[in-house]
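Please open the model in your viewer and keep the selection panel at hand. The tour moves from one selection to the next and says what is found at each stop.

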Amino acid sequence: MDVQSKAPPIRHMSHGVAALAIALLFSGCTPPPTGIEVEPTDGAVPWTGLEANDAEDEFHFVIVSDRTGGARPGVFASAVPKINLLEPAFVVSVGDLIEGYTEDQAQLDYEWDEFESFIEQLEVPFFYAAGNHDMSNATMAETWQARFGPSYYRFVYKDVLFVVLNSELFSMVSKPDEPVPGPWTQAEQLAFVERTLAEVPDPRWTIVIVHQPLWDYPEVRGDWPQVDAMLKGRDYTVFAGHFHHYVKIVRQDNNYITLSTTGGGSDLRGGIYGQFDHVALVTMKANGPRIANLEIDGIHDEDVVTEDVRDTMRWLVNAIQSEPVLGDGETFSEGEVAFRVTNGGGEDLTVAFQVDAGPDLDYQGSAGTVAIPSGETRRLAFDLTARAEVPYHAIRPGQVFWSLSTHTGENPVAVDAVSALLPVAPLPIPVDDAPTVDGDLAEWPVLPYRVDRQGDIVSPATAASDVAYSFALREADGDLYVAVSIDDDSLFADESRGLLIQDSVMITVDSRPDPKRSANMRLYEATRRDLAEMAVGIVTLPAVVEESYYLRFLRGSRDAVTTATTTTESGYDVEFKVDGAFLDGHAGGRWDTVRLAIAAIDWDAGEDVNEIPWNSPGSDGVALHWQPNRFGDAPVAASGTFVRDSANR
């Protein structure tokens with residue numbers, strides 16, 4: 001490696017590898033073949049090839065971006081051990097390593113000492129580059145020279161030329177028409193570039209590192225066009241930082257890439273905005289660099305989850321349980337919502353909570369913290385009042401935000417959670433004549449329950465203009481009927497699609513006695529334990545029946561459920577019947593109370609439904625729930641409870 005700079009630390013060959021190399025040299029042995037060796041096999045083989053992707057001239061290195069300019073403490077420091085996990089050949093920076101912008105020598109020394117303490121943790125060489133925060137006046141330039149030597153330099157590795165430039169000699173950020181004062185001049189830097197490109201005329205690639213993306217201002221800054229002209233005709237890639245958002249620009253048929261941040265000031269709005277904390281992992285291939293932008297939060301070592309942490313998380317994620325508290329009457333004016341928090345671990349559990357009562361309710365209490373000893377349970381109740389009396393079925397839920405923290409051995413374990421805050425009461429099931437299950441709702445003059453906003457606090461919101469629905473229940477001769485009228489401006493039905501990735505209605509009816517009926521469970525847990533005891537229907541427009549994973553558990557339910565659909569001018573209608581004998585069987589006698597969960601699943605034609613599951617973050621499909629999803633992450637115990645008309649028991 002040809003380096004015109006302070007020599008970086010060198011990683012030495014291990015004794016074992018050195019001994020093997022010497023033994024091979026003196027024994028006359030040949031190295032093992034470069035291909036993958038397998039036992040000879042006739043016929044078909046369970047692999048696609050045997051040439052490993054490990055060409056001798058390939059290597060990878062990491063580029064770190066701006067740490068400062070509104071540094072967020074701890075981000076860069078946390079990135080260093082994660083970079084070690086990537087095992088790069090070396091690390092290159094694009095500058096802005098300290099906050100700088102001072103002539104106070106003691107302050108500069110403190111900031112550089114701090115930064116170098118981070119770099120000492122790297123297991124590979126690190127190459128510095130100067131940014132405006134590192135070099136904005138003569139004192140800072142002289143400090144750089146004393147610590148690191150030149151502010152522009154070159155090195156070559158495996159026939160790849162690296163040219164590291166000082167953007168502040170082109171144009172200072174604070175004074176765009178002037179170069180930074182100090183030991184170097186811009187003329188000397190340009191001469192260096194010209195000399196370097198002449199002395200290394202034909203590398204397989206050239207990598208240029210410069211802090212400011214001088215080409216990406218409204219007008220190209222300083223002498224950058226001269227550098228462009230000198231680079232023209234060779235294969236190269238330019239990397240910069242400074243703007244704190246990522247973008248790739250193509251100039252002269254080559255890539256000019258501005259990186260985001262590695263701890264510098266950012267709103268962190270995400271990929272589409274180019275605002276994220278990352279490192280660039282660059283692999284030098286025969287045909288040029290291949291770049292993988294790795295977000296810092298996505299790099300973990302082998303201890304990301306140990307057995308102790310896994311076992312702690314198993315009880316911690318279920319530590320908060322909504323407690324069934326049923327009110328009475330048709331409207332809510334005041335009452336309580338309660339939760340039970342259980343410490344299932346061997347250490348104390350600290351629980352912090354904060355309440356947002358939502359648009360319909362008031363909560364006069366304050367945020368709080370509770371310590372729960374190992375093995376104990378605490379009941380936390382929240383007294384609520386209605387801002388105006390509101391029907392139970394129409395209350396818009398509030399939220400409780402939780403932070404739970406404990407320890408397993410020496411490892412802290414903490415999770416954040418949210419619970420829906422919703423008073424509930426049993427609703428009546430009227431008795432009427434049995435309707436014909438044909439999808440025609442003419443026999444249903446009233447559908448009293450209207451759902452035109454998302455009732456589940458952790459599911460994606462949807463607009464009423466896109467999907468909404470009304471529904472009703474009825475008992476006839478011991479059977480239960482449900483009618484749903486869906487308003488949907490763009491119907492999407494396809495028999496080749498799965499049930500949950502096209503327009504459909506999902507209904508579950510649970511007649512089991514308490515505590516099973518009022519309890520909540522996640523869908524994957526319910527699949528194994530509970531769904532087979534519920535009446536479940538997933539009704540699509542063409543009434544598709546699919547042998548899906550979930551429906552494997554519903555054979556008894558499918559025999560007991562009858563459904564029908566019809567299209568309407570505003571969407572489609574669904575009728576759903578559950579045989580009374582099925583409900584009686586799971587109630588342990590004549591069924592008296594059921595718990596209803598209902599959701600309209602909406603997809604629009606043209607959306608790529610194969611990309612992501614319908615209920616994933618960022619999915620275009622939306623499940624519109626009447627109340628918090630019983631099978632979701634923030635359920636409410638006993639929500640959706642209905643009782644048979646007492647006059648007809």
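A charge sits over a ring if NZ of Lys or CZ of Arg is within 6 Å of the ring centre and within 35 degrees of the ring normal. Keep in mind that this is a predicted model, in which local features need pLDDT of at least 70, side-chain atom pairs count only at pLDDT 80 or more, and totals for chains, interfaces and linings use all residues. Residues are numbered from 1 along each chain as its sequence is written, and side-chain values use heavy atoms, with hydrogens and water left out.

Select R644 and W591 to begin: the charged end of R644 lies over the ring of W591, 4.3 Å from its centre. Then select W444, where R474 lies over the face of the ring at 4.2 Å from the ring centre.

Next, select helix 6 (residues 186-199), a helix being a DSSP run of H or I with at least four residues, numbered from the N terminus. Which residues of helix 6 are buried, that is, under 20% relative accessible area with a 1.4 Å probe and protein chains only? They are Q186, Q189, L190, F192, V193, T196 and L197. These residues cover an arc of only 155° around the axis, taken from the directions from the helix axis to the C-beta atoms, which puts them on the same side of helix 6. On the other side, A187, E194 and A198 are exposed, meaning over 50% relative accessible area.

Finally, display strand 5 (153-157), strand 6 (160-164), helix 5 (167-170) and helix 7 (224-231), against which the buried residues of helix 6 pack, with contact meaning heavy atoms within 4.5 Å and strands being DSSP runs of E with at least two residues.
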